[in-house]
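User: Please take a close look at the nonpolar core of this protein, and then relate what you find to the surroundings of the ligand.

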Amino acid sequence: MRVAKFEGHYHGFSDQGLVSSWFRFSGPPEAPVPYSTPGVHPRTTAETLVLPFGRRIALEHIRREAAELACVICEPFSAALAATDREFLQELRVLCSELCIPLVFDEVVSGFRVGFRGMQGEIDIFPDLTVLGKIIGGGLPCGAVAGSAKLVEGCKSTGDPFVDCESKAFLGGTMSGNSASCTVGAAVLTYLKNHPEVYAHLDAMTIRLSDGLTSAARAQGVGYFVRGRGSIFSMTFAHKTSASVREQHAASDYKANISLAYYMRRHGVYMPELHTMLLNAAHDPPAIDAVVRAFELSLKEMKQDGFFVY
Ligand SMILES: Cc1ncc(COP(=O)(O)O)c(C=O)c1O
């Protein structure tokens, strides 16, 4: 069976998850050619069905390949673009139900971050399986797969390994059910459940930072796009917003994107060079304003140093 995934959606370093997830894309945008890194078997790469997110043609590909597909996996909220497409996800949900293909939402980043019920709760579209990580461990390493009883039962142990090895998909490992991660994670999730104001605060800080950065770039005549939702940011030096990760790579000034991180550090703000930006609950208005101020200073210096000469 094959896995269907979307170009530019990142699912960690599983063999199929890595395919066409990152930096390099191949083939026409409407029919991507699977591309992966050394270390992934070429047959695994070639047999992963890579689809263009948000395009009707992806649904046609799924229908055509349905008999071969083990699942369709996607990021319901693309962390790289800080965007979702509810209408497309709705159509994908209906199609997967019709064709009996499990739909998997990777909410490793968006889960418990964009809202307590993740992106699926925000858009009211629910997958058959959800992949979780990061926040659920409360800072400790943790991952989880949750979903419909029918699918989870397929790998839930009976307690008898001799029965399991004949009737269950194997799931387990050194870190499975790690008690420290589970205890800390449960405490964080309980806190978030009892403190919905955390999300209101994160939303307010997201808007404050997006608006501040956008105004600063506009004031200096620099093409810069910031998209922020639920504490997740996509920020690029470009002249238009991008509808896909491939488009974002092609249309944005990567030299400037990467360099910005170094300029910002000189003004006391640490940001990663090439990664989605995330806020946390400790970021308050003075912290956000300090980031905007550092950005203003960085842009001025970058202009002086010869960036943005178009
Ligand atoms: C959307 C998404 N899915 C899955 C993962 C998990 O990746 P891994 O556990 O391989 O680090 C990540 C990690 O950053 C991610 O961003």
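Analyst:
**The nonpolar core**

In this predicted model, the largest nonpolar core is made up of 38 residues, and within it Tyr224, Phe237 and Phe295 have the most contacts. Several elements each supply at least two residues of this core, namely helix H8 (179-194), helix H9 (197-219), strand S8 (232-236), helix H11 (254-266) and helix H12 (285-304). The largest share comes from H9, which gives eight residues.

Tyr224 offers a convenient place to look in detail. When its neighbours within four places in sequence are left aside, Tyr224 is in contact with Leu213, Ala217, Met235, Thr236, Phe237, Ala238, Leu260 and Phe295. There is also a second, separate core, which has 26 residues, including Ala58, Leu89, Leu92 and Ile232.

Turning to the ligand, the residues around it are Tyr10, His11, Gly12, Phe13, Glu75, Asp106, Val108, Val109 and Lys134. By class, this shell comprises four nonpolar, two polar and three charged residues. As for individual polar atoms, a backbone N or O atom of Tyr10 lies 3.4 Å from a nitrogen atom of the ligand, while a polar backbone atom of Phe13 is 3.2 Å from an oxygen atom of the ligand. With Asp106 the side chain takes part, and one of its N or O atoms is 2.6 Å from a nitrogen atom of the ligand. On its own the ligand has 390 Å² of accessible area, of which the protein covers 68%.

Definitions and conventions:
Residues numbered from 1 in each chain as written. Predicted model: local features only at pLDDT ≥ 70, side-chain atom pairs only at ≥ 80, totals over all residues. Heavy atoms only, no water. Near = heavy atom within 4 Å. Polar contact = N/O pair within 3.5 Å; in protein donor to acceptor, adjacent residues only side chain to side chain. Areas by Shrake-Rupley, 256 points an atom, 1.4 Å probe, with all protein chains shown as cover. Nonpolar A, V, L, I, M, F, W, Y, C, P; charged D, E, K, R; others polar. Core = buried A, V, L, I, M, F, W, Y, C linked by side-chain atoms within 4.5 Å. Buried < 20%, exposed > 50% of the residue type's maximum accessible area, 1.4 Å probe, protein only. Helix = DSSP H or I, 4+ residues; strand = E, 2+ residues; numbered from the N terminus. Contact = heavy atoms within 4.5 Å.
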